[in-house]
Amino acid sequence: MNYGIRNRAGRGSEYLDADELVVGELAANAVTHGRVPGWDFLLTMALVLPPEGGSGTLRITVADSRGERRLPTPVPAPCPDGEHGRGLALVGALALRWGVLPRFPSGKTVWVELPGPPR
């Protein structure tokens, strides 16, 4: 049985599509650019609901062991036929906010906040 994001939030939701795209992009970036031999990355997701009700915010974090704390940035103008350079532009377009935090003892955590699914 699959207990991934799709099954938890319901099928066919535009929220889900954004969630899956952001998770896929951040995980791919962690594997491609943030990997340190012998270390993996850590992915977490949390739905933060406001006390007064409403849709809340889905917070996605991906932590890796690479030491730079700079915010990943999209390639300024990806090649029209190129296979790379569009993922972070999509993350930025879908996110309410995103950023990077230091990870103890080394590395960084990239976080993204998306609108939560309607309740």
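Mentor: Helices here are DSSP runs of H or I with at least four residues, and strands are runs of E with at least two. Keep in mind that this is a predicted model.

Trainee: Thanks! So how many helices and strands does the protein chain come to?

Mentor: There are 3 helices and 4 strands. Reading from the N terminus, their order is α-α-β-β-α-β-β.

Trainee: Nice. Which residues have the most contacts inside the largest nonpolar core?

Mentor: Those are Val22, Leu26, Ile60, Val91, Val112 and Leu114, in a core of 14 residues. Two or more core residues come from each of helix H2 (14-33), strand E2 (57-64), helix H3 (87-94) and strand E4 (108-115).

Trainee: And which element gives the most to this core?

Mentor: H2 does, with 4 residues.

Trainee: Let's zoom in on leucine 114. What does leucine 114 touch, leaving out residues up to four places away in sequence?

Mentor: Its partners include Ala18, Asp19 and Val22, along with Leu58, Ile60 and Leu94.

Trainee: Switching to leucine 90, where is that one found?

Mentor: Leucine 90 sits in helix H3.

Trainee: Why does leucine 90 count as partly exposed?

Mentor: Because its relative accessible area is 43%, and partly exposed lies between the 20% and 50% cut-offs. Its C-alpha atom is 8.3 Å from that of leucine 21, although 69 residues separate the two along the chain.

Trainee: Last one, for the whole chain: what percentage of residues count as buried?

Mentor: Of the 119 residues, 31% do. The chain exposes about 7800 Å², with 58% of that supplied by carbon and sulfur atoms.

Notes:
Residues are numbered from 1 along each chain as its sequence is written. This is a predicted model: local features need pLDDT of at least 70, side-chain atom pairs count only at pLDDT 80 or more; totals for chains, interfaces and linings use all residues. Side-chain values use heavy atoms; hydrogens and water are left out. A nonpolar core is a set of buried Ala, Val, Leu, Ile, Met, Phe, Trp, Tyr and Cys residues joined through side-chain atoms within 4.5 Å. Buried means under 20% relative accessible area, exposed over 50%, partly exposed in between (1.4 Å probe, protein chains only). Contact means heavy atoms within 4.5 Å. Accessible areas come from the Shrake-Rupley method with a 1.4 Å probe; for residues, only the protein chains shown count as cover.
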